[in-house]
Amino acid sequence: MPLMIEKECTLVLHNIRSVHNVGSLFRASDGAGVFKIILTGYTPGPLDHKGKPRKDLAKVALGAENSISWERSEESLEEVIEKLRKEGNEILALECEAGAQNIFTFTPKNKFALILGNEVDGVAPSLLKNADTILEIPMKGVKSSLNVSVAGGVALYALLRE
């Protein structure tokens, strides 16, 4: 029987406004087998500014905020990306961008970080330059994008497929 090598995914959530989207991404991350979540910018986390659990996030995450490793970084996203790269991660960004690769035909390295950005503005073009690969979810309808938590769930399952 061949040895199965598991992929190690770190999910980076940058400047996501909605606590419900973050809670949903925690839940999807737990289900997909994400290694760790890093919260950057003003992305809300499982704890409020007083260090108490956020009930609004917990309501959506359904306990995943306790079962998946996470951290808040006060460093810039550029610094977080550089640290992840030095740890051997391939840096991926999910964004609707000219020249982006189809996520369903892309195979990541066994250790990668996926960056998701703001619900309206996405991942800033200045930050996309730091990515090794920009990925997109092909859209067949009139709308050009999905909600960040839905897109994140689709992306995680596509990238962590066996």
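Reader: Glad to be looking at this with you. How many strands does the open sheet have, and in what order do they run?

Author: Happy to help! In this predicted model, the open sheet has seven strands in the order 3-2-1-6-4-7-5, with parallel pairing. Strand 3 (69-72) and strand 5 (101-102) are the edge strands, each pairing on one side only.

Reader: How should I read the pairing between strand 5 and strand 7?

Author: The general idea comes first. Strands of a sheet pair through backbone hydrogen bonds, in either a parallel or an antiparallel way. Here, strand 5 and strand 7 pair in the parallel sense over two bridges. Asparagine 102, for instance, has glutamate 136 in strand 7 as its bridge partner.

Reader: And which strands does helix 1 touch?

Author: Helix 1 (residues 19-32) packs on the sheet and touches strand 1 (8-14), strand 2 (36-40), strand 3 and strand 6 (111-116). Its direction makes about 160° with that of strand 2.

Reader: Let's turn to charges. How many salt bridges are there?

Author: Side chains of opposite charge can pair when their charged atoms come close. The cut-off is a side-chain nitrogen of Lys or Arg within 4 Å of a carboxyl oxygen of Asp or Glu. By this rule the count is six salt bridges. One of them joins glutamate 8 and lysine 111, with the closest N and O atoms 4.0 Å apart. That pair links distant parts of the chain, since glutamate 8 is in strand 1 and lysine 111 in strand 6, 103 residues apart.

Reader: What parts does the salt bridge between arginine 17 and glutamate 119 tie together?

Author: Their side chains meet at 3.7 Å, N to O. Arginine 17 lies in the loop between strand 1 and helix 1, and glutamate 119 in the loop between strand 6 and helix 5 (125-128), so the pair ties together parts that are 102 residues apart in sequence. Arginine 17 is exposed at 52% relative accessibility, whereas glutamate 119 is partly exposed at 24%.

Reader: Is proline 53 buried or exposed?

Author: Proline 53 is exposed, with a relative accessible area of 65%. You'll find proline 53 in the loop between strand 2 and helix 2 (55-61). Leaving aside residues up to four places away in sequence, proline 53 touches Pro46 and Leu47.

Reader: One last feature: which residues make the nonpolar surface patch?

Author: Met139, Leu146 and Val150 make this patch of about 210 Å². Leucine 146 sits in the loop between strand 7 (133-136) and helix 6 (148-159), and is partly exposed, with a relative accessible area of 34%.

Definitions and conventions
Residues are numbered from 1 along each chain as its sequence is written. This is a predicted model: local features need pLDDT of at least 70, side-chain atom pairs count only at pLDDT 80 or more; totals for chains, interfaces and linings use all residues. Side-chain values use heavy atoms; hydrogens and water are left out. Patches are made of residues with over 30% relative accessible area and no salt bridge: like charges are joined within 9 Å, nonpolar side chains (Val, Leu, Ile, Met, Phe, Trp, Tyr) within 5 Å. Accessible areas come from the Shrake-Rupley method with a 1.4 Å probe; for residues, only the protein chains shown count as cover. Helices (H or I, at least four residues) and strands (E, at least two) are DSSP runs, numbered from the N terminus. Buried means under 20% relative accessible area, exposed over 50%, partly exposed in between (1.4 Å probe, protein chains only). Two strands pair if DSSP finds at least two bridges between them. Contact means heavy atoms within 4.5 Å. Axes are lines fitted to C-alpha atoms, for helices over the stretch in contact, and angles run from 0 to 180 degrees between N-to-C directions.
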